[in-house]
Amino acid sequence: MMTEQQVKEAILAAGINVDVDSLKPSDNLSDAGIDSLDFFNLFLELETIGGKKIPDDQLDKMTTIDSIIKFYAE
Amino acid sequence: MIGIKGIASYIPEESLDNLQRAEAFGETQSFIEKKIGALKLPRKQALEETSDMAVEALRRLTESFPELESSGIDALVVVTQNGDGEGLPHTAAIVQQKAGLETALAAFDVSLGCSGYVYGLHILKGFLESSGLTNGVLITADPYSKIIDPDDKNTSLLFGDAATATWLGESPDWVLGPVLFGTDGEGQDALKTVGQRLTMNGRQVFDFAATKVAPHLRALMQKAGVSEEDIDAFCLHQGSYAIVDTISRRFRTQQEKFLKDLGETGNTVSSSIPLLLERNVFNDQAMNQVVISGFGVGFSWATGLLTRNIKGYNK
C-alpha cells in the first residue's frame, strides 16, 4: 500500500521542483512539470518506500499519483 | 613518489548546439540547461582520429609543461573504448608514432569508459613504480561521436568529444591517495554498442549511479580517514547535471562542493574528471584535498583521493 501523502513525500525527497500541495491525485505528473529525469529519481524514492521495483514495461503507466498508488496496491 | 604533475586538454572547436536541438527531441531548453547541463557538444572532425585528439592533448601538455620533454616520456597509457580504426592495433602505439615519441616507450590502451581516469591514474602510477620508470602520460580520448546515433534521444544530447593528457612523475603537485574500485557485470546491457551504435537504458544507468556512487564516496573517505568536511571538492564524472545533483543530495551540507562543469563539453566519458581538475581545481590554491569518482559502462566505478603535495596535507 502507498498513500497519496507518501507519493508526495517521494516527490519532495526526489528533489523535484513542483508544488505538491496543489497536485491532485488525478493530475498528469508530466503536465505538472515532472520530466523524464525527475521520474528516474521519483521511481527510486518510490521503490525505497514501496519495497517494489517498477518494471520498465510499467513505467509509461505511472502518469498520475493515482496510477502509482494503484501499482503499489497490486 | 609518483603523482600528478599537470594536466592539459583538447576540446574540438566544432560543436553541436544542444539548445537548438532540444525541440527536435521534444525537450525544453530548461531541461537542457537544468537537467542535462550540456549546452554544447564538441565534435571532432570526420577524419580526425582518436589518436589525433590524443596527440593534440599531449602536444598541449608538453607546451604547458616544457620541463616534460617528449624524449623523457617512459610510458603512455590511452584510456579509450573507441580507438583508431577498428581497435586493432592499440591506439597508444599510433599515438607514439604520430607524436614522434621514442620507441623505448611502454604504450598500451586501457579499455574502460567513465571510470577510466581513476583506474588509469593508479594503473600508470603502479606501472611506473614497479618498472623503475619516471615519467608517464595518461591520455583520455573516447570520442563517442563515432558511435552515437544522431536520432537517439537517449544519447544524442549527452556526449561530447574531448581528450586530456595527464603527466605523472616524481615530485608531483598532487599525490594519489587511497582508492576503491567496483565492477558489476549485471549492468553490461545498460550501455553498450550494437552494430557499432551506442544504446543506453537511461533508467538503469541512472539507478546505478544514484545508488552506488554516494556509498562509494563515503567508503573512500572512511578508508582515507577523512570526513566530508575535510574535502574541498567532489569531482564526479560529469554524466549530466541531474546525476551529479542526485548524488550530491546525499550530502546535504556539502552540496556546493560537488563541481558541475559540462556546459561547453557535455559528457566526455573518461575525460570529464581531468577536465574538471584542470579547469576548476589545480589552479585554485584553496583546493587541497579532492575526491574523484568515475562511474559508467560495465558497470564500472572507481573513487580516489587526491591531495595537494604541500606540508600538512601530504600524509
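Q: How many residue pairs are in polar contact between chain B and chain A, and what makes a pair count?
A: In this predicted model, the count is 10 residue pairs, both residues of each at pLDDT 80 or more. A pair counts because an N or O atom of one residue lies within 3.5 Å of an N or O atom of the other, with one able to donate a hydrogen and the other to accept it.

Q: Which elements of chain B give two or more residues to the side that touches chain A?
A: They are α2 (29-36), α7 (202-224) and α8 (241-248) of chain B. Helix α7(B) gives the most, with 6 residues. By class, this side of chain B has 5 nonpolar, 4 polar and 5 charged residues.

Q: How many residues does each chain bring to the contact, and what area is buried between them?
A: Chain B brings 14 residues and chain A brings 17. The buried area is about 1,200 Å², with 50% of it from carbon and sulfur atoms. On the side of chain B, B:Arg203, B:Phe206 and B:Arg249 supply 49% of the area buried against chain A, more than any other three residues.

Q: What makes the pair A:Asp56 and B:Arg203 a salt bridge?
A: The N to O distance between the two side chains is 2.9 Å. The cut-off is 4 Å between a side-chain nitrogen of Lys or Arg and a carboxyl oxygen of Asp or Glu, so the pair qualifies. The rule finds 5 salt bridges across the interface of chain B and chain A, and the structure holds 18 over all chains.

Q: Why is B:Arg203 called buried?
A: The relative accessible area of B:Arg203 is 4%. Buried means under 20%, so B:Arg203 falls in that class. This residue lies in helix α7 of chain B. Leaving aside residues up to four places away in sequence, B:Arg203 touches A:Phe40, A:Phe43, A:Glu47, A:Lys53, A:Ile54, A:Pro55, A:Asp56 and A:Leu59.

Q: Why is α2(A) described as largely enclosed by the rest of the structure?
A: Of the 15 residues of α2(A), 11 are buried, and so the helix is largely enclosed. Among them are A:Phe40, A:Phe43 and A:Glu47. The buried residues pack against α1 (4-13) and α3 (65-73) of chain A, together with α2, α7 and α8 of chain B.

Q: How do you know that the span of α2(A) is close to the expected value?
A: Helix α2(A), residues 36-50, reaches 20 Å from its first C-alpha to its last, set against 21 Å expected at 1.5 Å a residue.

Q: What caps the N-terminal end of α2(A), and which residue follows the helix?
A: The cap is A:Asp35, with a side-chain oxygen 3.0 Å from the backbone nitrogen of A:Leu37. The helix is followed by A:Gly51, whose phi is positive, near 70 degrees.

Q: Why is A:Thr64 classed as buried?
A: The relative accessible area of A:Thr64 is 12%, which is under the 20% cut-off, so this residue counts as buried. A:Thr64 lies in the loop between α2 and α3 of chain A. Beyond its neighbours within four places in sequence, A:Thr64 is in contact with A:Pro25, A:Ser26, A:Asp27, A:Asn28 and A:Leu29.

Q: Why is B:Ser111 classed as exposed?
A: B:Ser111 has a relative accessible area of 54%; exposed means over 50%, so the term applies. Its place is in the loop between β5 (106-110) and α5 (116-131) of chain B. A polar contact of 3.3 Å joins the side chains of B:Ser111 and B:Gln81.

Q: Why are B:Glu63 and B:Arg59 said to be separated by about one helical turn?
A: The two residues are 4 residues apart in helix α3 of chain B, and therefore stand about one helical turn from each other. Their side chains meet in a salt bridge of 2.9 Å, N to O. B:Glu63 is exposed at 55% relative accessibility, whereas B:Arg59 is partly exposed at 41%.

Q: How do you know that the salt bridge of B:Asp52 and B:Lys98 links distant parts of the chain?
A: The N to O distance of this salt bridge is 2.8 Å. B:Asp52 is in helix α3 and B:Lys98 in helix α4 of chain B, 46 residues apart. At 26%, B:Asp52 counts as partly exposed; at 38%, B:Lys98 does as well.

Conventions:
Residues are numbered from 1 along each chain as its sequence is written. Chains are lettered from A and ligands numbered from 1 in the order in which they are written. Side-chain values use heavy atoms; hydrogens and water are left out. Contact means heavy atoms within 4.5 Å. Buried area is the accessible area (1.4 Å probe) that two parts lose on being put together, summed over both. Ala, Val, Leu, Ile, Met, Phe, Trp, Tyr, Cys and Pro count as nonpolar, Asp, Glu, Lys and Arg as charged, and the others, Gly among them, as polar. The expected span of a helix is 1.5 Å times one less than its number of residues. Buried means under 20% relative accessible area, exposed over 50%, partly exposed in between (1.4 Å probe, protein chains only).
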